Amino acid sequence: MIPAFILRRAVKSLALATLMTAAVSSRVEAGIDDSFLVPKEQLVAQVRTIALSSPVLPPGVPDPERARRTLEELVTSELRTLGFRVIDSSRHAQIWRANAERLGGIFDSVTGEADQTKLQTCRDYTGRELGRLHGADAVGDIIVQRGNLAEGSGEQVSWRGTTVRPDQVSIRGTWLAFLLRDLPGNPMYGVRRTLEWTEVHASQSHELRAEPELARPSTIQASVETVLFDLGRAVRSSRPVTAADDNDEAAGSERENPAAAAQTGPGMSAR
């Protein structure tokens, strides 16, 4: 039997991932390839500093802290190469926790279901505080999801030199999604791409990947480059790209003592 506290934590993670990727998934299901949810020119002009939230992983990923660290480091590096200033996820987590506590919690302790009003309020205030305290223009969410990678792959799937219909193959694996939101929480850019396969049933064969999930940085790097490709192309076509300083405080846009973030919550935010 799974301990109750582990089950609740897993349900909460799943609920958060579902909520955060709604904009991405709906466009994937609709067959919309455009990654931008607002005009490209608007995003490029508006966003120079991105605050990352902590990467969301599905339950059971081996060594999840290492996986989160690798994901965040690779996304941060790629965004800085594109000229964005990046604020690490610890700042987002600090402010989010303070606001969630002042709201009396967001998720039901038994069912794991989110109170939608509280969720949006916490998201709104967290974004505002990231902007006021750290100069953020947008929030970047990194999400790993499991599923059947063959779904939505078109009329045919190629596996080990064999071509089959998607309904004749099951390719279990993970997607990497990146969602960029403005400070109130409205989606601006969203992409979901294949990360890696873990188990395949095809042509009367069964194959398991020998490596554990998210164990190979080069595989994650390739997926990170893919989900940020359209964003990079838009930036390069709109402005000169100079890699941002590795020190996210060097730009001097932090306007107040970061410790104040822990003391600011709903009803106390500067407007």
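**Aromatic contacts and positive phi angles**

In this predicted model, Phe36 is buried, its relative accessible area being 5%. The residue belongs to the loop between α2 (22–29) and α3 (40–46), and its ring is paired with that of Tyr189 in strand β7 (residues 187–202), so that parts of the chain 153 residues apart are linked. Tyr189 is likewise classed as buried, with a relative accessibility of 0%.

The count of aromatic pairs comes to two. In the pair formed by Phe36 and Tyr189, the ring centres lie 5.0 Å apart and the planes meet at 70°; because an angle over 60 degrees counts as edge-to-face, the pair is assigned to that class. Phe36 and Tyr189 are joined by Phe178 in one aromatic cluster.

Arginine side chains are also placed over aromatic faces: Arg192 lies over the face of Trp175, at 4.0 Å from the ring centre, and Arg239 lies over the face of Phe84, at 5.2 Å from the ring centre.

Positive phi values are found in two residues that are not glycine, Asp63 and Leu214. For Asp63, which is located in the loop between β1 (49–52) and α4 (64–81), phi is near 50°, and the residue is partly exposed at a relative accessible area of 45%. For Leu214, in the loop between β8 (205–208) and α7 (217–227), phi is about 55°; with a relative accessible area of 1%, Leu214 is buried.

Technical notes:
Residues numbered from 1 in each chain as written. Predicted model: local features only at pLDDT ≥ 70, side-chain atom pairs only at ≥ 80, totals over all residues. Heavy atoms only, no water. Helix = DSSP H or I, 4+ residues; strand = E, 2+ residues; numbered from the N terminus. Buried < 20%, exposed > 50% of the residue type's maximum accessible area, 1.4 Å probe, protein only. Phe/Tyr/Trp six-rings, centres within 6.5 Å; stacked < 30°, edge-to-face > 60°. Lys NZ or Arg CZ within 6 Å of the ring centre and 35° of its normal.
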